Amino acid sequence: MHELSICRQMMIQINEIAGQNQASAVVSVTLKIGPLSGVEARLLKQAFPFATAQTVAENAQLIIEELPVRVRCRHCGSTSSTAANKLLCRQCGDHRTQLLSGDEMLLASVELVKTKPVKDTPSAEAKHV
């Protein structure tokens, strides 16, 4: 299951972001995934708790947003959304299209809890990165 390796690689980035922002915890992680990315969202959600165990993101929620498949027609020049298994131009029906999006996986945001030392008591504030 390569989704576990993806989660582990993602944790390297998340740990770096948390460290740079002096965060004590990660509340949520938002990913944007296209249907042509080769990543199975369901398996990614199953692998996430294993990759985050005993890390700053141990109790974080994984939010996955699906991206549309978008193509540009090489015949008529229009841009349109289409089905992952039918990369045809919606305007003219031509099959000569260029993929614009739908094959990516992006770490869109990481919500952190940043502990600020205040005289006697620490307080927490949420921060989106």
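## Exercises on strands, helices and loops

In this predicted model, strand 3 is joined by four bridges to strand 4 (residues 79–82), and the two strands run antiparallel.

**Exercise 1.** Work out which strands pair with strand 3, and which residues stand opposite Arg-72 and Cys-73.

*Solution.* Begin with strand 4, which is antiparallel to strand 3 and joined to it by four bridges; here Arg-72 stands opposite Thr-79. Next, follow the chain between these two strands, which form a hairpin with five residues between them, and note that Gly-77 in the turn has a positive phi of about 85°. Then turn to strand 5 (residues 97–101), which is also joined to strand 3 by four bridges and runs antiparallel to it, with Thr-97 of strand 5 standing opposite Cys-73.

**Exercise 2.** Sort the residues of strand 3 (residues 69–73) into those on its covered face and those on its uncovered face.

*Solution.* Start from the general rule that in a regular strand the side chains alternate between the two faces of the sheet. Going along strand 3 with this in mind, you find Val-69, Val-71 and Cys-73 on the covered face, while Arg-70 and Arg-72 belong to the uncovered one.

**Exercise 3.** Describe how helix 1 (residues 2–20) and helix 2 (residues 41–52) cross, and say what kinds of residue make up their contact.

*Solution.* First take the axes, which come within 8 Å of each other and cross at roughly 50°. This angle lies neither under 35 degrees nor in the range from 65 to 115, and therefore helix 1 and helix 2 are oblique to each other. The handedness comes next, and the crossing of these two helices is right-handed. Finally, look at the residues that meet: helix 1 brings Glu-3, Leu-4, Ile-6, Cys-7, Arg-8, Met-10 and Met-11, and helix 2 brings Leu-43, Leu-44, Ala-47, Phe-48, Phe-50, Ala-51 and Thr-52. Sorted by kind, the residues of this contact are eleven nonpolar, one polar and two charged.

**Exercise 4.** For Gln-22 and Gln-54, find the loop in which each lies, and decide whether each is buried or exposed.

*Solution.* Recall that most residues other than glycine have a negative phi. Gln-22, although not a glycine, has a positive phi of about 50°, and it lies in the loop between helix 1 and strand 1 (23–33). Because its relative accessibility is 59%, Gln-22 counts as exposed. Gln-54, also not a glycine, has a positive phi of about 60°, and its place is in the loop between helix 2 and strand 2 (61–66). With a relative accessibility of 76%, Gln-54 counts as exposed.

Notes: Residues numbered from 1 in each chain as written. Predicted model: local features only at pLDDT ≥ 70, side-chain atom pairs only at ≥ 80, totals over all residues. Heavy atoms only, no water. Axes fitted to C-alpha atoms, helices over the stretch in contact; angles between N-to-C directions. Parallel < 35°, antiparallel > 145°, perpendicular 65-115°, else oblique. Left-handed = near helix turned anticlockwise from the far one by under 90°. Contact = heavy atoms within 4.5 Å. Nonpolar A, V, L, I, M, F, W, Y, C, P; charged D, E, K, R; others polar. Buried < 20%, exposed > 50% of the residue type's maximum accessible area, 1.4 Å probe, protein only. Pairing = 2+ DSSP bridges.
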